[in-house]
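Reader: Before I trust any labels on this model, I'd like to go through them with you. Can you show me what you're looking at?

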Amino acid sequence: MRRKTASAAAAGAVLALVLSACGGGGGTPQEPGAKGADAVKQEFNAGLTKVFNPSTKKGGTLKYAHSGNWDSLDPGDTYYGYSFNFGRYYWRTLTTYKPVPGPEGNQVVPDLAEALGVPGDEGKTWTYKLKSGLKFEDGTPITSKDVAYAVARSFDKEVFAHGPSYLNELLDWPKDYKGAIKDKDADIKSAIETPDDQTIVFKLKKPFASFDYIVQMPMTAPVPQAKDTGAKYQEHVISSGPYMFETNEIDKRFTLVRNPNWDPATDPNRPALPDKIEVQLQVNADDLDNRLIAGDIHVDIPGTGMQPAALGKVLPDPALKGRTDNPTIPRLWFISVIPDVAPLNDVHCRRAVQYAADKVSNQTAYGGEFSGGEIATNVMPPGISGQEKFDPYPSAGFKGDVAKAKEELAACGKPDGFETIMSFRADRPREKALAEAMEQSLAKVGIKLTLKGFPASDYFSNYAGNPEYVKKNGIGLAAHGWGSDWPDGYGFLQAIIDSRTIRDAGNYNLSVKNTDVDKLVDQASAELDQTAREKLWVDADKKVMEDASILPVLWAKSLLMRGQGVTNQFYNEGQSMYDYSMLGVQ
Amino acid sequence: MLTYVIRRLIGAVAMLVVVSMVTFAIFFVVPQLAGATPEAFASRYVGRAATPETVQLIAERLGFNDPVVVQYARFAKGIVVGAEYDYGTGVEHCPVPCLGYSFLNQQPVWPDLLDRMPVTFSLALGAAIIWLIAGVSTGVVSALRRGSFFDRLAMGTALAGVSLPIFFTGMVTLVVFSYGLNLTAPGGSWTDFGENPGEWAYNLILPWITLAFLFAATYARLTRAGMLETMGEDYIRTARAKGLREREVVVKHGLRAALTPILTLFGLDFGLLIGGAVLTESTYSLPGLGKYAIDAIANNDLPKVMGVTLLTACFVVLASLIVDLLYAVVDPRVRLS
Amino acid sequence: MSFLELKDLRVHFPTDDGLVRSVDGLSFSLERGKTLGIVGESGSGKSVTSLGILGLHKGGPAKISGEIWLDGEELVSATPEHVRQLRGKKMAMIFQDPLSAMHPFYTVGAQIIEAYRVHHDVSKSVARKHAINMLGRVGIPEPSRRVDDYPHHFSGGMRQRAMIAMALSCDPELLIADEPTTALDVTVQAQILDLMRDLQSEFDSALIIITHDLGVVAELADDILVMYGGKCIEYGNAEDIFYRPEHPYTWGLLGSMPRLDREASERLLPIKGSPPSLINVPSGCSFHPRCPYAERTEGKSVSQVPELTETDGGHLVRCHLPRAERRSLWENDVKPMMETT
């Protein structure tokens, strides 16, 4: 017995030793001096409104790390925000986001193109003229045909399953077209024309106003047909940007070095500061944060913020917090209030949910303001160009309005409340907490929630994104999240409010089914005047809120940490993370 | 002996078939029972907001429209005779044993496994050497000085070793030794042995020690118990009565007998480890089989999961066969039949 | 001085429950070529004594005092290393149950070779020849083949022969056999005892046979020492012990001797009770709780520890009963009862 106690005590002592070593070493990593002196004062949110640590110094190696992996490095087969952002090291697209901090960052500027697109036929055609002197990494000139080929090959979703389908949908492709790889000699003049090597004309099925945003996506990054190897092209993408692949071990790591055939004179947007860029993949997420804190790596690629473990360490420590930026990103955490499930088919019952929800406890469920986000009162987040903030279901201190909720319940014929099911992703603790918070606040007005968690991997395909499943199982509320592809009304709203996008499975939206909303979407999409267009999107937002089929929870924020010794770092609203193409090392 | 080995190998193949079938079933049959359609499967491998046409194309390309039995047969056929793979602009032959291509990024699985085996093997080998030496010697000393301060300290540490999860100890060691003291390599460092043996060892020393700590703890406790038992055996008294030096008595007579059960455990542990030290590899971001497995599972990437599962199963089966054969060598009382 | 002489040997083990007095003041002597039988129940201290002579308690928890003289050298105060060098060479031991006393993972030959090479700087092949030779001498057929067998390939008797070969491999001058035949069946027992007798005369070594069975020592021993509770309670030559025993415990042992004409389970004079605790040793005579004649001592058996006193030339007894009473009890009560049954 004595012996047992002694060894337990010894074990405790060892543990305490390790823990104290951990606290001592982890909290205050190497002073910046060891990795290159920081001349600039570190300050919380210093990278949100201005360029932090500006510099034009070239050279050095910029080190990136990623806790997961790219869907694909192929510009025709990728659909992650960080991939669009990072890809600009080795590709150029017709347009790109203006590389500046602040609200201007969500505007597009020309990249390969000399100027923004020229609309014709009331927005049914868009014409771009390429700059001269553009070259691939092997020295061959980049022509409009290479851009056309890239778009046409990306049409083939059998080979390139990941990339966005916007151009597949918008352009007027020939019937039964299978993409440039399978239909090599097909005539695609109905969709794309290249009257000369500098000009490319996109022909749309119907007017579409936000086209300049579409062509900043990597489907328009030129691909030389002779070098295209289909699904294997990701192993060696031919660069059109300032850097090219030196090594590429898929799933593990890759390095980029300078592309000698990139002409800075053609590219006012990219300073191309580092000599070399190293990327490490599949890095343990917690370790990644530790390394970022310690200065062992410069940038966390996904740009979605630090892990909970690191947040606990960073936020209480002023020195570490001073190195972070906490932007509101164009992502909405929301709850679908699904009209397919009685009694939520009645708008008053949906509004009762809107009034009853305690937005503060919902925010707490997501980890509070810094790591969760800002309380959302309407659908479109700030940072979307033309966004307006409004609150149709106000309550004191956002704590919910029980009286109003009861009024609405009475109006829908359920004065004593009702029962329904709320789904969430079981492997996301924050969504689980949200569901529990909702259960509590709705209970105050007599709405009884039964909570059901589902695996995240099949959440949209099999459960909450599957209308049949939702109807059959009576899921009235479903936790969701949505981030925009680009920061304008169409980019954010269309996918989650247009009822015509709802399909058999894989839906992010299946609650907004309102013909008035659909009409506004059509109107706004075609409106070429920016001011008028932005107003129409705000109208659509208002209509959805009136319909009460989306309960906005938070406009998400991310906590990003600036790397030790990184220059030119700032948050770009278009990328909704640091602008990678601008970064340099001291 | 030879017939024994052959019989065991046949059993091993049968087991691999069962393992692969179970893995397949977990992947396909269970979700199907829950109502998943081919499109639901395919929607895991397409981009965000993919159109129904895209999902259908992918379901077709990945063969989800076929019955599971047909899909399994195709998979098994690939292993036995190879397969042809269409990457869009051409067709590639995937040689035997073709474990297929990733559903997600279309990379062939078998070369990946070959590429990652040295990482895992290096990790397992180094750690095994450390934990055997540290664990067994600690266990021996603890047993010989039972109840001493050393014994209590060692057994206390061993208790910590088996109770502390590796993702905790791993993270702590990285923060302290790599980022705090700059003594060791940061997470994710890996150099091929052939490229630079010094760097290879430098990069692995921390994972080795952390992993070894976990196992050394078990081995120290096991060795201690074994030694306490064997050192009380009559043949130890005999050895002493012969006038042997105490060191010979302990090592040649005591440890020799105590090592037999440790050998069994070691064989199985090592076999399992070279199939992927999942936690260590993911904590230290080492690109080995374990990390591969965990990433594949996180992505529902069936071909990768199948590949690494079968490989691990092979290692375990082989290891247990080798253990049994070795056992007969080590303990002359054992006869194989 | 005799070849082997023990003077007031005490081996005590401190435990959590108290001090265990396994051997508590034992003295005897033994000459070359002679055989001493040490007899007693298990726990009487006989095995501890033998291990003590070999120095196997050194470095352990045991507290040892007294003197052990072997061929003019005192061993209790000698360094452990020195005693180790004597062990196996000058003094060797044969253990009971050779299956557990031999290492299961090494061949019989290897174990004999090892025993030989510890003390002789010879090559393995020379030692191997010696091992084969030794196996032959202890009567193992085909020794050059069996030398490579493992202990579990041997029968019990063969194993004991191998054990003896191992013990004799360095030609020891003192041989201690601890229950050498206990694990064997009766016919094999006789063979082993014959072998030991032959070998002893051949090697002219001093032999100590430790046993709980008087029948074994009857065949071999010149002198017999009866131990009880860590002490010698009767000592004498074989004649004294078998024909003129004076201690009631010895009578009990004699009575419980298995004989060929009786069933083994049938005991004429069973000793009632169980061996004494070696921690809380009974006061006075440690045998008194089991002694049928204790009340005849007028309470001395409870209050006084009896001395070991000489009753005849070299015949020692530790008993409170007067000598005449002991003799008359044996002659008139005990002996007739044994003979009639």
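Reader: What makes residues of α17(A) count as buried, and which ones are they?

Author: A residue is buried if 20 or more other C-beta atoms, placed from the backbone, lie within 10 Å of its own; 12 or fewer makes it exposed, and in between it is partly exposed. G489(A), Y490(A), G491(A), F492(A), L493(A), Q494(A), I496(A) and I497(A) are buried. That's eight of the nine residues in the helix, residues 489–497, so "mostly covered" is a fair label.

Reader: And how much should I read into that, and how are things numbered?

Author: It's a predicted model: local features need pLDDT of at least 70 and side-chain atom pairs count only at pLDDT 80 or more, while totals for chains, interfaces and linings use all residues. Residues are numbered from 1 along each chain as its sequence is written, and chains are lettered from A in the order in which they are written.

Reader: What do the buried residues of α17(A) pack against?

Author: They pack against α6 (211–214), β13 (328–337), β17 (475–483), α18 (515–526) and α19 (530–547) of chain A. The names come from DSSP runs numbered from the N terminus: helices are H or I with at least four residues, strands are E with at least two.

Reader: Over in chain C, why is strand β9 called largely enclosed?

Author: Because six of its six residues, 223–228, are buried. D223(C), L225(C) and M227(C) point one way, I224(C), V226(C) and Y228(C) the other, and all are buried. In a regular strand the side chains alternate between the two faces of the sheet.

Reader: How do you know that β9(C) pairs with β3 and β10 of chain C?

Author: Two strands pair if DSSP finds at least two bridges between them. Four bridges join β3(C), residues 35–39, to β9(C), and these run parallel; L36(C) has D223(C) as its bridge partner. Six bridges join β9(C) to β10(C), residues 231–237, and these run antiparallel. Both counts meet the cut-off, so both are pairs. In β10(C), K231(C) stands opposite Y228(C). The hairpin of β9(C) and β10(C) has two residues between the strands, and G229(C) takes a positive phi near 55°.

Reader: What makes two chains "touch", and which pair has the most contacts?

Author: Two residues are in contact if their C-beta atoms, placed from the backbone, lie within 7 Å. Of the two pairs of chains that touch, A and B have the most contacts: 54 residues of chain A are in contact with 53 residues of chain B. On the chain A side, α1 (2–27), α7 (285–294) and α15 (459–463) each give two or more residues, and α1(A) has the largest share, 13 residues.

Reader: How do the residues on that side of chain A divide by class?

Author: There are 22 nonpolar, 17 polar and 15 charged. Here Ala, Val, Leu, Ile, Met, Phe, Trp, Tyr, Cys and Pro count as nonpolar, Asp, Glu, Lys and Arg as charged, and the others, Gly among them, as polar.

Reader: And how many residues does the contact of chain C with chain B take from each?

Author: The contact takes 23 residues from chain C and 17 from chain B. On the chain C side, α4(C) supplies the largest share, four residues, and the classes come out as 12 nonpolar, six polar and five charged.

Reader: How do you know that chains A and C do not touch?

Author: No contact links chain A and chain C, and their nearest C-alpha atoms are 12 Å apart.
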